[in-house]
Amino acid sequence: VLENVRKRPKQLMKSHLKLALSSFEELTEAYNELDAKYRELVAEHDRLMKWLQHGVQLINKSKIDV
């Protein structure tokens, strides 16, 4: 019985460490997914801004030509 009491803190420590590592891995994976989505959104935003700027240039040019 005394041996079980001595082992218990080590077992709890291992359990907490395992939980912390799995939580860290889950957070890292979630962060990487969010980072990839963020980069996709930034690229899409840049593409749309260029498209809009081109449209404004065409409109302005057509006003000058008229």
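Which residues form a nonpolar patch on the surface of this protein? I would like to open with that, and the answer is Leu 48, Met 49, Trp 51 and Leu 52, which together have about 410 Å² of accessible area. Before I go further, please keep in mind that what we are looking at is a predicted model, and that the values I quote are computed from it.

Let me begin with the overall picture. The protein contains 1 helix and 0 strands, and helix H1 covers residues 2-65. If you look at the C-alpha atoms along the principal axes, they fill a box of roughly 95 × 10 × 5 Å. The radius of gyration is 28 Å, whereas a compact globule of 66 residues would have a value near 11 Å. To give one example of distances along the chain, Asp 35 and Arg 8 are separated by 27 residues in sequence, and their C-alpha atoms lie 40 Å apart in space.

Next, the surface. Of the 66 residues, 0% count as buried, and the accessible area of the protein comes to about 6,800 Å², with carbon and sulfur atoms supplying 64% of that. Returning to the nonpolar patch for a moment, one of its members is Leu 52, which sits in helix H1. Leu 52 counts as partly exposed because its relative accessibility is 46%, a value that falls between the 20% limit for buried and the 50% limit for exposed.

Now to the charges. The protein carries 12 positive and 10 negative side chains, and the centres of these two sets lie 8 Å apart. Some of the negative side chains come together on the surface, where Glu 25, Glu 26, Glu 29 and Glu 33 form a negative patch. Glu 25, which belongs to helix H1, has a relative accessible area of 54% and is therefore exposed.

How many salt bridges does a search of the whole structure find? The search finds 2, and I will take them in turn. As a general point, side chains of opposite charge can pair when their charged atoms come close.

One salt bridge joins Asp 35 to Arg 39, with the closest N and O atoms 3.0 Å apart. Both of these residues lie in helix H1, and they are 4 residues apart, which is about one turn of the helix. As for their exposure, Asp 35 has a relative accessibility of 23% and so counts as partly exposed, while Arg 39, at 55%, counts as exposed.

The other salt bridge is between the side chains of Glu 44 and Arg 47, where the N to O distance is 2.8 Å. Here too both partners lie in helix H1, at a spacing of 3 residues, again about one turn of the helix. Glu 44 is partly exposed, with a relative accessible area of 34%, and Arg 47 is likewise partly exposed, at 47% relative accessibility.

To draw this together, the predicted model shows a protein with 1 helix and 0 strands, in which 0% of the residues count as buried. Along helix H1 we have met the salt bridge between Asp 35 and Arg 39, and the one between Glu 44 and Arg 47. On the surface we have seen the negative patch that includes Glu 25, and the nonpolar patch that includes Leu 52, with which I began.

Definitions and conventions. Residues numbered from 1 in each chain as written. Predicted model: local features only at pLDDT ≥ 70, side-chain atom pairs only at ≥ 80, totals over all residues. Heavy atoms only, no water. Patch = residues over 30% accessible without salt bridge, like charges linked within 9 Å, V, L, I, M, F, W, Y side chains within 5 Å. Areas by Shrake-Rupley, 256 points an atom, 1.4 Å probe, with all protein chains shown as cover. Salt bridge = Lys/Arg side-chain N within 4 Å of Asp/Glu carboxyl O. Helix = DSSP H or I, 4+ residues; strand = E, 2+ residues; numbered from the N terminus. Buried < 20%, exposed > 50% of the residue type's maximum accessible area, 1.4 Å probe, protein only. Rg over C-alpha atoms; globule rule 2.2 N^0.38 Å. Lys, Arg positive; Asp, Glu negative; His and termini not counted. Charge placed at Lys NZ, Arg CZ, Asp CG, Glu CD.
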